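Got the viewer open? Good, then let's go for a walk through this model, one selection at a time.

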Amino acid sequence: SALTLADASDLLMTPGRKCSNGRDVPLTNPDWEKLVNGLREASMVAYKAALTKDRDKMLDASDVLAQSCSNCHNKYRPGNIANRCR
């Protein structure tokens, strides 16, 4: 699952993609690439933790991953669907 999230970060940087409200993915916003790279990095932290099969490492990695998701969702998915990708 962690590798799938890392791969999804490539999709988030693909020109022409649309948000669920029909707006273009905000590729030109200065923070978009930074937030997407945060997802990629956090996904790889989770992947490496999963390889260890250590529950505590996985719990720590899940916090890192959840924070990276929140960083982006708080900005680009607030409230209702009309506010997405602004």
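The tour starts with the whole chain, then goes from helix to helix with stops in the loops.

**Stop 1: the whole chain**

Keep in mind throughout that you're looking at a predicted model. Show the chain as a cartoon, and you'll find three helices and zero strands, so to speak an α-α-α pattern when read along the sequence. Switch to the C-alpha trace: along its principal axes, that trace spans about 40 × 25 × 20 Å. Now colour by accessibility. Of the 86 residues, 24% count as buried. If you like contact maps, look at pairs at least 6 apart in sequence: 56% of those contacts join residues at least 24 apart.

**Stop 2: helix α1**

Select residues 2-12, which make up α1. Which residues of this helix are buried? Pick out Ala 2, Ala 6 and Ser 9. They sit on the same side of α1, because the arc they cover around the axis is only 50 degrees. Now spin to the face turned away from that buried side, and you'll meet the exposed residues Thr 4 and Asp 7.

What do the buried residues of α1 pack against? Add residues 32-52 to your selection: that's α2, and it is their packing partner.

**Stop 3: where α1 meets α2**

Draw the two helix axes if your viewer can. α1 and α2 pack at an angle of about 165 degrees, and their axes are 7 Å apart. An angle over 145 degrees counts as roughly antiparallel, and α1 and α2 are therefore roughly antiparallel to each other. Their crossing is left-handed.

Turn on side chains for the contact. From α1, select Ala 2, Leu 3, Leu 5, Ala 6, Ser 9, Asp 10 and Leu 12. From α2, select Trp 32, Val 36, Leu 39, Arg 40, Ser 43, Met 44, Ala 46 and Tyr 47. Colour this contact by class and you get 11 nonpolar, two polar and two charged residues.

**Stop 4: the loop between α1 and α2**

Next, click on Asp 31, which lies in the loop between α1 and α2. What does Asp 31 touch, leaving aside its neighbours within four places in sequence? The contacts are Lys 75 and Tyr 76. Put a distance label between the C-alpha atoms of Asp 31 and Lys 75: it should read 10.0 Å, for a pair 44 residues apart along the chain.

**Stop 5: where α2 meets α3**

Select residues 55-76 to bring up α3. α2 and α3 pack at an angle of about 165 degrees, with 8 Å between their axes. That makes α2 roughly antiparallel to α3, and the crossing of this pair is left-handed.

For the contact, show these two sets:

- On the α2 side: Trp 32, Leu 35, Gly 38, Leu 39, Ala 42, Ser 43, Val 45, Ala 46, Ala 49, Ala 50 and Thr 52.
- On the α3 side: Lys 57, Met 58, Ala 61, Val 64, Leu 65, Ser 68, Cys 69, Asn 71, Cys 72 and Tyr 76.

By class, the contact of α2 with α3 divides into 15 nonpolar residues, five polar and one charged.

Zoom in on one of these, Ser 68 in α3. Is Ser 68 buried or exposed? Its relative accessible area is 8%, so Ser 68 is buried. Leaving aside neighbours within four places in sequence, Ser 68 is in contact with Gly 38, Leu 39 and Ala 42.

**Stop 6: the loop between α2 and α3**

Step back to Lys 53, in the loop between α2 and α3. Check the backbone torsions here: Lys 53 has a positive phi of about 60 degrees although it is not a glycine. Lys 53 is also exposed, with a relative accessible area of 77%.

**Stop 7: along α3**

To finish, follow α3 itself. Asp 60 lies in this helix and is exposed, at 51% relative accessible area. Label the C-alpha distance from Asp 60 to Asn 74: the two are 14 residues apart in sequence and 21 Å apart in space.

Then go to His 73, also in α3. His 73 is partly exposed, with a relative accessible area of 39%. Its C-alpha atom is 26 Å from that of Arg 55, which is 18 residues away in sequence.

Technical notes:
Residues are numbered from 1 along each chain as its sequence is written. This is a predicted model: local features need pLDDT of at least 70, side-chain atom pairs count only at pLDDT 80 or more; totals for chains, interfaces and linings use all residues. Side-chain values use heavy atoms; hydrogens and water are left out. Buried means under 20% relative accessible area, exposed over 50%, partly exposed in between (1.4 Å probe, protein chains only). Helices (H or I, at least four residues) and strands (E, at least two) are DSSP runs, numbered from the N terminus. The arc is that of the directions from the helix axis to the C-beta atoms. Contact means heavy atoms within 4.5 Å. Axes are lines fitted to C-alpha atoms, for helices over the stretch in contact, and angles run from 0 to 180 degrees between N-to-C directions. Angles under 35 degrees count as roughly parallel, over 145 as roughly antiparallel, 65 to 115 as roughly perpendicular and the rest as oblique. A crossing is left-handed if the near helix is turned anticlockwise from the far one by less than a right angle, and right-handed if clockwise. Ala, Val, Leu, Ile, Met, Phe, Trp, Tyr, Cys and Pro count as nonpolar, Asp, Glu, Lys and Arg as charged, and the others, Gly among them, as polar.
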